[in-house]
Amino acid sequence: MSTPNTLQQALLDWFDKNQRDLPWRSSYTPYQIWISEIMLQQTQMDRVTVFFSRWMNTFPDIATLAMASEDQILKCWEGLGYYSRARNILKTAQILVERHEGRIPSSRKELLKLPGIGPYTAGAIASISFNRDVPVVDANIERIFARLFNIDLISGSPEAKRIHWQKAETLLPPKQARNFNQGLMELGALICRPKKPDCSLCPLAPYCLALKHDLIPERPIPKKSTKILPIEMATGVLLHNGQLFIQQRLEDDVWGSLWEFPGGRLKLGETPEQTVVREFFEETEFKIEIDSKITTTIHHFTRYKVTLHCFLVTLAQQDSDPVLHAAQEFKWIPFTALASHAFPAGHRKLINHMEESGFFLNQSPCKPD
DNA sequence: CAGTCGTGGCA
DNA sequence: TTGCCAAGACT
């Protein structure tokens with residue numbers, strides 16, 4: 001066996017021997033690469049593989065996907081976060097059927113026109129699925145280049161990105177973009193990790209300037225971290241005639257198009273109970289009364305740590321339809337239908353708590369005497 | 001361009 | 001426990 005004499009060949013050899021066995025690496029079909037790349041945006045591999053398998057069982061091809069409802073898509077995506085990704089997948093599937101004969105374009109330029117596909121993902125689909133000579137730069141590659149070329153710029157800054165895309169294009173070996181691009185990202189995930197990189201196993205170690213100058217711990221230069229803000233919220237599970245009230249959030253808001261129980265943030269000096277009453281009226285014009293406390297849960301989203309106070313509430317008025325001010329739709333549903341709707345993680349936690357605690361058993365509309 | 005969008009795992 | 005982190009896109 002010959003010793004690789006270029007950086008490119010060293011990486012290709014390493015990837016050939018050390019790549020992980022992933023569901024979409026058996027066939028590299030455009031559809032599977034597209035979905036996997038969207039799922040992998042800001043999401044870790046171990047989490048994605050489970051969702052990917054379920055997705056492919058539910059929507060085996062583009063035609064099936066294009067005919068699905070937004071609710072079905074979001075239910076399959078529930079728990080993965082960044083829900084605009086799922087809504088954009090549906091939009092793109094419909095565009096593909098209408099304008100592209102149901103197929104994914106192979107050129108970076110055409111891919112960039114599709115919703116949810118930006119510079120990284122367009123390059124990833126073009127190179128990984130079609131083996132086009134197109135570079136990619138993701139967070140892994142930014143980290144590798146910052147070390148490999150000892151880049152003295154803040155990680156993720158516009159200036160660093162510009163230089164890294166230029167480097168990626170220069171380095172790309174012809175006709176091998178699929179394995180070279182994946183090789184870089186795989187190296188970032190397995191060897192050139194954010195913390196404790198394993199330089200002793202790195203095929204690029206002979207070429208690495210940061211390693212040469214003993215600057216690995218200083219590269220990349222971290223961006224200043226965003227602070228986690230603790231906030232308090234309150235929500236009400238409205239039970240009426242054995243049915244639960246849920247509403248569907250606005251599309252361009254957080255958790256867009258997901259279902260939820262009404263509620264919101266506590267205002268200064270407000271008790272959680274007061275918040276639920278106020279929010280219910282502001283969002284639905286329902287006048288409600290607090291029945292009882294269900295639980296308090298804690299969850300994180302984006303830069304917030306949320307303490308969520310959860311109450312069982314009842315209508316304090318006669319039957320009438322709500323007037324929605326913070327939602328696009330509403331439904332009255334039985335307990336059993338909660339499972340088929342997509343909820344934000346915090347509300348799903350609440351639902352799970354109610355099920356596990358036998359909460360619903362005590363709320364039967366026909367109590368035995 | 002800087003802010004925003006989720007979530008769960010892990011040190 | 002708290003902070004950091006993950007194969008970015010959109011406005």
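**A friendly note on chain A and its two DNA strands**

1. A good place to start is a single pair: the side chains of histidine 240 and aspartate 319 make a polar contact at 2.7 Å. Please keep in mind as you look around that this is a predicted model. Histidine 240 sits in strand β1, which covers residues 229-240. Setting aside neighbours within four places in sequence, histidine 240 is in contact with Leu315 and Trp332 as well as Asp319.

2. Next, the overall layout. Chain A is divided into domain 1, residues 7-218, and domain 2, residues 229-363. Measuring tools in your viewer can help here: the C-alpha centres of domain 1 and domain 2 lie 37 Å apart. Eight residues from domain 1 and 13 residues from domain 2 take part in the contact. With those bounds, histidine 240 of strand β1 belongs to the stretch assigned to domain 2.

3. How much area is buried between domain 1 and domain 2? The value is about 880 Å², and carbon and sulfur atoms give 44% of it. On the domain 1 side, Lys75, Glu78 and Tyr83 lose the most area to domain 2, and together they make up 47% of what that side buries. Tyr83 is worth remembering, as the name returns in the point on DNA strand B.

4. The polar side of this boundary deserves a look too. Between domain 1 and domain 2 there are three salt bridges, and 10 residue pairs are in polar contact, both residues of each pair being at pLDDT 80 or more. Two elements, α5 (70-77) and α6 (84-99), give two or more residues to the side of domain 1 that touches domain 2. Of the elements there, α5 gives the most, with four residues. By class, that side of domain 1 has two nonpolar, no polar and six charged residues.

5. Two salt bridges can be followed by eye. Side chains of opposite charge can pair when their charged atoms come close. Glutamate 78 and arginine 348 meet through their side chains in a salt bridge, with 3.0 Å from N to O. A second salt bridge joins the side chains of glutamate 251 and arginine 87, at 3.7 Å from N to O. This second pair links distant parts of the chain: glutamate 251 is in the loop between β2 (243-249) and β3 (259-260), while arginine 87 is in helix α6, and 164 residues separate them. Over the whole structure, a search finds 16 salt bridges.

6. Now to DNA strand B. Which residues come closest to DNA strand B? Among the 17 residues that surround it, the closest are Tyr82, Tyr83, Val254, Trp255 and Ala345. Sugar or phosphate accounts for 57% of the strand B atoms within 4 Å of the protein, and bases for the rest. Three of these approaches can be picked out. A polar backbone atom of tyrosine 82 is 3.1 Å from a sugar or linking oxygen of DNA strand B. For tyrosine 83, a polar side-chain atom lies 2.9 Å from a phosphate oxygen of that strand. Tryptophan 255 places a polar backbone atom 2.5 Å from a phosphate oxygen of DNA strand B. The surface near DNA strand B has eight nonpolar, seven polar and two charged residues.

7. DNA strand C has its own set of partners. There are 25 residues around DNA strand C, and Gly116, Thr121, Asp138, Asn140 and Pro194 come nearest. Of the strand C atoms within 4 Å of the protein, 66% belong to sugar and phosphate. Arginine 25 brings a polar side-chain atom to 3.1 Å from a base nitrogen of DNA strand C. Phosphate oxygens are approached as well: a backbone N or O atom of proline 119 lies 3.5 Å from one, and a polar side-chain atom of serine 225 lies 3.0 Å from one. The elements giving two or more residues to this surface are α2 (30-40), α8 (119-129), α9 (139-148) and α11 (177-190). By class, the residues there divide into 10 nonpolar, eight polar and seven charged.

8. Finally, a closer look into helix α2, where glutamine 32 has its place. Leaving out residues up to four places away in sequence, glutamine 32 touches Pro23, Trp24, Ser27, Phe52 and Met56. Methionine 67 is 35 residues along the chain from glutamine 32, and their C-alpha atoms are separated by 17 Å.

Technical notes. Residues numbered from 1 in each chain as written. Chains lettered and ligands numbered in written order. Predicted model: local features only at pLDDT ≥ 70, side-chain atom pairs only at ≥ 80, totals over all residues. Heavy atoms only, no water. Near = heavy atom within 4 Å. Polar contact = N/O pair within 3.5 Å; in protein donor to acceptor, adjacent residues only side chain to side chain. Nonpolar A, V, L, I, M, F, W, Y, C, P; charged D, E, K, R; others polar. Domains from an automatic or database assignment. Contact = heavy atoms within 4.5 Å. Buried area = accessible area lost by both parts, 1.4 Å probe. Salt bridge = Lys/Arg side-chain N within 4 Å of Asp/Glu carboxyl O.
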